[in-house]
Amino acid sequence: MDRSDLELVLAIRQHGSLSSAARALHVTPPVITKRLAALEGLLRVQLFQRTTRKVSPTADGDALCEHAQALLQGFQQAEAELRERQSEPTGLIRLAATFGFGRLWVGPAVAEFQQRYPRLQIQLHLVEQLPDLTVEGYDGAIWLWNVPGQRAGEWISKRLARNQRVLVASPAYLKAHGEPASADDLALHQCLVVRENGGDPAQRFDHWTLQFSQGRRKALHRVTVKGALSSNSGELVRDWCLAGQGIMLRSLWDIAAALQSGELVRVLPDHAMADADIHWLAPWQARTPKRVRLLVDFLHNRFQGEPWKIGPALKPGVVLAPPG
């Protein structure tokens with residue numbers, strides 16, 4: 001039994017007569033009759049009941065048709081994918097990303113990707129809150145944290161990179177106020193709090209849950225912090241921290257340059273909040289377009305090495321002397 005046999009039984013079931021199936025397949029009715037008889041002889045079952053008015057499938061015929069439909073769809077998908085592999089990707093990709101990570105890291109990456117594939121168009125939308133990707137027509141989003149619970153069954157997720165939020169302060173602040181010796185000492189310092197958009201109104205942003213190593217296992221330390229300054233803008237809080245206003249909990253990707261230059265230094269370098277991994281989020285679909293697959297692979301290769309961690313100043317336990 002080959003592909004033409006599968007197309008034969010589906011055509012007969014669809015059209016309900018041998019003559020109509022023959023026209024659809026561009027052959028003569030005697031050819032259809034002969035091929036059907038040969039197939040039934042091969043399988044040793046009757047596939048169709050024939051009357052003067054109608055040809056209808058038997059139970060065995062219906063079962064074969066269901067398998068034939070699935071197999072032919074698989075053939076068609078395989079052929080389409082092979083054709084797509086041989087062609088240059090074209091079309092539009094619509095992406096969403098957070099403002100900070102999108103501007104610093106996603107923007108340069110997608111610009112380089114588009115140069116590799118000049119027939120592509122990419123729209124990158126920087127947003128404060130994760131949109132409904134399906135309703136708003138996005139191919140995907142590059143986002144901190146994983147799929148929201150209510151979307152877990154509808155969206156797919158792929159981690160592009162690990163990321164931590166770490167404690168940092170300026171050398172000037174630490175010189176004036178001293179460095180905390182333990183996580184509990186944070187309650188005695190001016191801490192700068194980011195109040196993120198779109199969160200639960202009851203969420204306590206001044207509650208920091210820090211992870212640290214305790215022997216061979218990871219332990220958690222929860223501390224309530226306080227300070228005179230807070231904002232829903234992470235960039236503004238970072239500016240306050242650079243100006244010596246307090247201690248901040250911030251993602252490594254955002255403060256890499258400041259740590260490298262010594263404008264900021266790690267505080268309690270063995271403590272971090274490991275809840276801000278970077279993910280690719282997308283609406284589920286049976287077959288992802290080639291252009292989107294290529295982009296996801298490119299972003300994964302670009303970010304999986306955590307390029308913001310390059311350099312000694314970004315490693316726990318290492319503090320650079322301040323400039324000058």
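The protein's secondary structure adds up to 9 helices and 15 strands, and what you're looking at is a predicted model. Of its 324 residues, 40% are buried. Among contacts with a separation of 6 or more, 73% are between residues 24 or more positions apart. Confidence averages a pLDDT of 86, with 88% of the residues scoring at least 70.

**Surface**

- The accessible surface of the protein is about 17600 Å², and carbon and sulfur atoms account for 50% of that.
- Met1, Leu42 and Leu43 together make a nonpolar surface patch of about 290 Å².
- Leucine 42, one of the patch residues, sits in helix H3, which covers residues 29–43.
- With a relative accessibility of 54%, leucine 42 counts as exposed, since the bar for that word is over 50%.

**Helix H8 and its surroundings**

- How much of helix H8 is buried? The answer is 7 of the 10 residues in the 252–261 stretch, so the rest of the structure largely encloses this helix.
- The buried residues of H8 are Leu252, Trp253, Asp254, Ile255, Ala256, Ala258 and Leu259.
- An α-helix has 3.6 residues a turn, so residues three or four places apart point the same way.
- Just after H8 comes glycine 262, with a positive phi of about 90 degrees.

**Salt bridges around aspartate 254**

- Aspartate 254 is in a salt bridge with arginine 238, at 2.7 Å from N to O. This pair ties together distant parts of the chain, with aspartate 254 in helix H8 and arginine 238 in helix H7 (residues 234–242), 16 residues apart.
- Is aspartate 254 buried or exposed? Its relative accessibility is 8%, so aspartate 254 counts as buried.
- Arginine 238 is buried as well, with a relative accessible area of 15%.
- Arginine 250 also meets aspartate 254 in a salt bridge, again with 2.7 Å from N to O. Both arginine 250 and aspartate 254 are buried.

**Salt bridges elsewhere**

- The structure has 11 salt bridges in total.
- One of them pairs arginine 13 with glutamate 66, whose closest N and O atoms are 3.1 Å apart. Here too the pair links distant parts of the chain: arginine 13 belongs to helix H1 (residues 3–15) and glutamate 66 to helix H4 (residues 59–85), with their positions 53 residues apart.
- Arginine 13 is partly exposed, at a relative accessible area of 26%.
- Glutamate 66 is partly exposed too, at 46%.

**Two strand residues**

- Where does serine 231 sit? Serine 231 is in strand E11, which spans residues 230–231.
- Serine 231 has a relative accessibility of 11%, so it counts as buried.
- Beyond its neighbours within four places in sequence, serine 231 is in contact with Val193, Val194, Arg195, Leu236, Val237 and Trp240.
- Glycine 91 is part of strand E3, residues 91–98.
- At 30% relative accessible area, glycine 91 is partly exposed.
- Which residues does glycine 91 contact, leaving aside neighbours within four places in sequence? They are Arg119, Leu120, Gln121 and Arg291.
- Arginine 291 is 200 residues away from glycine 91 in sequence, yet their C-alpha atoms are 7.8 Å apart in space.

**Confidence**

- Confidence is highest in helix H6 (residues 171–177), with a mean of 96, and lowest in H4, with a mean of 83.
- H4 is the helix that holds glutamate 66, the partner of arginine 13 from H1.
- Over residues 312–324, pLDDT stays under 50. The model has 26 contacts beyond four places in sequence for that stretch.
- Where pLDDT is low, predicted coordinates should not be read in detail.

Notes
Residues numbered from 1 in each chain as written. Predicted model: local features only at pLDDT ≥ 70, side-chain atom pairs only at ≥ 80, totals over all residues. Heavy atoms only, no water. Helix = DSSP H or I, 4+ residues; strand = E, 2+ residues; numbered from the N terminus. Buried < 20%, exposed > 50% of the residue type's maximum accessible area, 1.4 Å probe, protein only. Contact = heavy atoms within 4.5 Å. Areas by Shrake-Rupley, 256 points an atom, 1.4 Å probe, with all protein chains shown as cover. Patch = residues over 30% accessible without salt bridge, like charges linked within 9 Å, V, L, I, M, F, W, Y side chains within 5 Å. Salt bridge = Lys/Arg side-chain N within 4 Å of Asp/Glu carboxyl O. pLDDT = per-residue confidence, 0-100.
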